[in-house]
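Please look at the sequence and the structure shown below, and keep both at hand while you read this report.

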Amino acid sequence: MLNFTQISPHVWILPRHRDKNRVQPTVGMILAAEQTILIDTGNSLKLARQIQATLAAMGAPPVSRVVYTHHHWDHTFGACVYGVPAIAHRLSHQFLTQMRQENVGETFLRTKVERNPNLILDWTAEDWAEFEIVLPEITYEGRDCLDFGDVSLELVHVGGVHAADSTVIKVVEDGVMFLGDCYYPAPGYENPADQMLDMAMLANLLDDRYDTYIDGHNPPMQTSFVRRIVHSQALLARINESRST
Ligand SMILES: [Zn+2]
């Protein structure tokens, strides 16, 4: 059984794994009255099966949809376990289609392990035989609202350098915002200037109606914390500017 954390009346998460070498981002679970909606899927079939089993043991309603924050493998590769439609931005559909055409899967992750032997990936030969990239059956552009009865999700396309398809998912009734990796640097960056977090994007996302912000690879953040880091970053930028003039 996995340890889920309850964030608000409808929102639970599987927190990201502390060991970065597991590349296991946060998975969100929205428990509506009659259905469960997942935010991202788990980074392997094994983990997705464990998520499913833990939800069943909790007595959660059946999973009806998965929503992708963006197309990266660690957020989408568990999808085929659930057998339900995926929802994502139009660009996620485009990127995942490309990944499917290029057969991104086992060889791609093997190459990652060759480059970084510390990586721990939980995939068996049977899992790879079963694996397929699940394309979003439902896509949106700009902004969309999904009504699940007692809870609704607002999807907002924010893009950014990390992934052009980044979507922020707001759990409207609960004041919880899933950020995915939207304000992170570009993956596999080479230029040190590209290692900066996009604090301007994070500042723009601050909204008084939301108390909790949950990104892919950090613990959940409260609004006061986000305000603090955004302000300290703004201050740092101002100091650097006055230094260079
Ligand atoms: Zn990512």
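The text below describes one sheet and a strand within it.

This is a predicted model, in which local features need pLDDT of at least 70 and side-chain atom pairs count only at pLDDT 80 or more, while totals for chains, interfaces and linings use all residues. Residues are numbered from 1 along each chain as its sequence is written.

An open sheet with mixed pairing is formed by 6 strands in the order β8-β9-β10-β11-β12-β13. Its edge strands, each pairing on one side only, are β8 (143-147) and β13 (221-222). Strands here are DSSP runs (E, at least two residues), numbered from the N terminus, and two strands pair if DSSP finds at least two bridges between them. Strands of a sheet pair through backbone hydrogen bonds, either parallel or antiparallel.

| Pair | Sense | Bridges |
|---|---|---|
| β8 and β9 (residues 152-157) | antiparallel | 5 bridges |
| β10 (residues 167-171) and β11 | antiparallel | 3 bridges |
| β11 and β12 (residues 212-215) | parallel | 4 bridges |

Strand β11 spans residues 176-180, and 5 of its 5 residues are buried, where buried requires that 20 or more other C-beta atoms, placed from the backbone, lie within 10 Å of the residue's own. In a regular strand the side chains alternate between the two faces of the sheet. In β11, V176, F178 and G180 point one way, whereas M177 and L179 point the other way.

V176 has bridge partners in both neighbouring strands, since V171 is paired with V176 in β11, and T212 in β12 is also a bridge partner of V176. The hairpin of β10 and β11 has 4 residues between the strands, and G175 there takes a positive phi near 65°.

Conventions
A residue is buried if 20 or more other C-beta atoms lie within 10 Å of its own, exposed if 12 or fewer, and partly exposed in between; C-beta atoms are placed from the backbone.
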